[in-house]
Every structure is written in C-alpha cells, then in structure tokens.
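Subject: Structure handover

Hello,

Here is the structure I said I would pass on. Please have it open while you read the notes below it.

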Amino acid sequence: MNNGAGRLITFEGGDGSGKSTQLRMTAAWLQERGHEVIVTHEPGDTPVGSEIRRLLLEGEYTPVPECELFLFLADRAQHVSEVIMPALDRGVWVLCDRFSDSTMAYQLAGRKLADPDGLAAMLKFAESGIAPDLTLWFDLPVSEALHRIRSRSSMGEESTRLDEEAQSFHELVHAAFAELHRADAERIARIDASEAIEQVQEQVQAAFDVRGMV
Ligand code: TYD
C-alpha cells in the first residue's frame with residue numbers, strides 16, 4: 001500500500017485483451033462510488049513520455065532490447081514523479097494502463113533479457129519504490145488476442161511496433177504474465193478476458209470486492 005490515501009490500480013495484459021475499455025468502465029464505477037479517480041497510461045502520458053513513446057512504438061527505429069528497456073524505464077520515472085505520486089499524495093485513485101508487470105513480461109521475458117535481480121532494482125529506482133495496490137491481469141489466449149489486433153488494424157486502427165511482433169514473442173509475454181500472477185495472486189487478479197464486456201467488468205468489480213477495497 002502507498003503512503004498517501006490514494007490507491008494505484010494497474011491494468012495489464014497482452015495487446016488486444018480489452019483492458020483499456022475495462023479501465024474506462026472501472027473508472028466510471030469507482031467515481032459512482034465516490035472515489036476521486038484519474039486514468040493514465042504507459043508509455044507516453046507526460047510531455048517527455050510522449051516523445052519517448054514515439055521513439056519506442058512508431059516503428060521508425062528498432063532499439064536493441066537494452067535500449068528499449070531503458071526507454072520504458074525513463075518513461076516510467078517521469079510518469080511516476082509527474083503524475084502518479086502527486087495524485088496518490090492527494091488521495092486520488094490512479095488507474096494506470098500498464099506498469100511494472102509489462103516491463104517484466106515484455107522486456108525481461110519477451111526480449112529474453114537476463115539478470116532479473118538487476119531489473120528488479122532498476123524498476124524500484126525508476127518507480128521511486130511505489131507499488132500497485134491491485135493489478136488486474138486480462139488473460140486472453142494469444143491466438144484470440146492476435147485475431148482482435150488484426151481485425152482492429154483492418155478497420156484502420158494503427159498498430160504499434162510491438163503489436164507487430166511474432167506470435168512466439170506474444171506467447172512469451174503471455175506466459176510471463178501467468179507466472180507473475182501465480183507468484184502473487186493476492187496483488188494480481190486474473191480476469192478472464194474472453195468473456196463478454198459486461199461479464200469481464202463483473203469480474204473486475206469482484207476483484208476489488210474480495211480484497212475489501214470498495
Ligand atoms: P499501447 O498502444 O499503449 O496499447 P496497449 O497497452 O493497449 O497494448 O501499447 C503499449 C505497448 O508497449 C504494448 O505493446 C506493451 C508495451 N510495453 C512494454 O513493452 N513495456 C512496458 O514497460 C510498457 C509499459 C509497455
């Protein structure tokens with residue numbers, strides 16, 4: 001739990017898992033219950049971060065895995081100190097679309113970077129030691145997620161450099177999220193993202209409920 005009265009809730013999962021829609025629905029639900037809420041996302045939700053996001057995701061450049069990791073961490077450090085910590089200190093609930101677990105899943109597992117202990121220390125440094133109070137992991141089989149990404153791009157929505165990665169990369173990311181959940185099921189709630197939107201939202205609300213958070 002963080003020092004201020006606020007709460008940090010992170011939304012995680014593979015590309016195409018529907019977590020961003022669920023984030024908006026959850027924000028509305030928490031506001032109805034009287035909480036002050038902000039929604040934010042990574043990478044790119046600060047002025048510095050939007051430049052970093054462009055470097056990372058537009059596809060003009062292909063950073064080496066180590067460089068990719070440091071760019072995500074640079075975005076994280078700016079986001080934590082400019083947006084997340086001040087909001088938590090004001091008692092606000094921060095709903096964040098992706099955070100630390102994405103770095104563990106995409107960079108450490110997906111890019112097969114070695115040295116998990118070193119990464120844990122770097123994450124702590126970049127995040128000023130804050131940690132999510134609750135993480136919702138939207139679990140969707142990779143084949144279904146890729147199907148959703150392809151149909152979105154056929155409808156004109158732009159895909160990112162990471163959306164375009166091979167299926168084997170997305171499988172590594174998915175397995176990593178499953179392992180993170182297995183290792184800490186109290187913080188990370190698994191949400192079955194293959195259900196209809198309303199049922200997925202019911203699972204999200206239940207995850208807050210069973211932890212006594214609402
Ligand atoms: P984005 O377009 O914001 O959409 P979504 O979150 O809905 O997938 O994509 C962000 C991408 O950045 C996504 O492919 C995951 C990736 N990512 C990392 O690889 N590492 C990280 O630490 C973060 C925060 C994101």
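What follows covers the ligand site, the pockets, the cavity and the salt bridges. Please keep in mind that this is a predicted model.

Ligand site

There are 16 residues around the ligand, and D15, K19, R98, T103 and Q107 come nearest. Three side chains can be listed with their distances to ligand atoms:

- K19 has a side-chain N or O atom 2.8 Å from an oxygen atom of the ligand.
- Q107 has a side-chain N or O atom 2.7 Å from a nitrogen atom of the ligand.
- R76 has a polar side-chain atom 3.2 Å from an oxygen atom of the ligand.

D15 is worth finding on the model, as it comes up again below. D15 sits in the loop between β1 (7–13) and α1 (19–32). Its relative accessible area is 14%, so D15 is buried. The side chain of D15 also makes a polar contact of 2.9 Å with the side chain of Y106.

Pockets

The largest pocket holds about 750 Å³ of space. Its lining is made up of 37 residues, with D15, K19, S20, R53 and R98 nearest the centre. D15, K19 and R98 are also among the residues that come nearest to the ligand. Which elements each supply at least two residues of this lining? They are α1, β2 (37–41), α2 (47–57), α3, α4 and α6. The largest share comes from α1, with 5 residues. By class, the lining of the largest pocket has 9 nonpolar, 14 polar and 14 charged residues.

The second largest pocket holds about 360 Å³. It is lined by 17 residues, and those nearest its centre are S100, D101, M104, L123 and R187. Two or more residues of this lining come from each of α4, α5 and α7. Of these, α5 gives the most, with 4 residues. The lining of the second largest pocket divides into 10 nonpolar, 2 polar and 5 charged residues.

Cavity

How many cavities of 30 Å³ or more does the structure hold? There is 1, with a volume of about 130 Å³. The cavity lining consists of 15 residues, and G14, D15, V142, A145 and H170 lie nearest the centre. D15 therefore appears in three places in these notes: among the residues that come nearest to the ligand, among those nearest the centre of the largest pocket, and here by the cavity, where it is buried at 14% relative accessible area. At least two residues of the cavity lining come from each of β4, α6 and α7 (167–183). By class there are 9 nonpolar, 4 polar and 2 charged residues in this lining.

Salt bridges

Side chains of opposite charge can pair when their charged atoms come close. The count for this model is 14 salt bridges, and three of them are described here.

E68 and R111 form a salt bridge with an N to O distance of 2.9 Å. E68 is in helix α3 (residues 65–89) and R111 is in the loop between α4 (100–110) and α5 (116–126), so this pair ties together parts that are 43 residues apart in sequence. Are these two residues buried or exposed? The limit for buried is under 20% relative accessible area. E68 has 0% relative accessibility and so counts as buried, and R111, at 18%, counts as buried too. The pair also belongs to a network of salt bridges that links E68, R111, R161 and E165.

E127 and R76 form another salt bridge, with their closest N and O atoms 2.9 Å apart. E127 lies in the loop between α5 and β4 (134–139), while R76 lies in helix α3, so the pair ties together parts that are 51 residues apart in sequence. Both E127 and R76 are buried. R76 is the residue listed above with a polar side-chain atom 3.2 Å from a ligand oxygen.

The third pair is E144 and R148, whose closest N and O atoms are 3.3 Å apart. These two residues are 4 apart in helix α6 (residues 142–154), which means that about one helical turn separates them. E144 is partly exposed, with a relative accessible area of 31%. R148 is also partly exposed, at 24%.

Regards

Technical notes: Residues are numbered from 1 along each chain as its sequence is written. This is a predicted model: local features need pLDDT of at least 70, side-chain atom pairs count only at pLDDT 80 or more; totals for chains, interfaces and linings use all residues. Side-chain values use heavy atoms; hydrogens and water are left out. A salt bridge is a side-chain nitrogen of Lys or Arg within 4 Å of a carboxyl oxygen of Asp or Glu. Buried means under 20% relative accessible area, exposed over 50%, partly exposed in between (1.4 Å probe, protein chains only). On a 1 Å grid over the protein atoms alone, a cavity is a set of points where a 1.4 Å probe fits but cannot get out, and a pocket is an open set with protein on both sides within 12 Å along at least five of seven lines; lining residues have an atom within 4 Å of a point. Grid points are joined across faces, edges and corners, and a volume is the space filled by probe spheres set on the points. Ala, Val, Leu, Ile, Met, Phe, Trp, Tyr, Cys and Pro count as nonpolar, Asp, Glu, Lys and Arg as charged, and the others, Gly among them, as polar. A residue is near a molecule or strand if one of its heavy atoms lies within 4 Å of it. A polar contact is a pair of N or O atoms within 3.5 Å; within protein, one must be able to donate a hydrogen and the other to accept it, and residues adjacent in sequence count only if both atoms are side-chain atoms.
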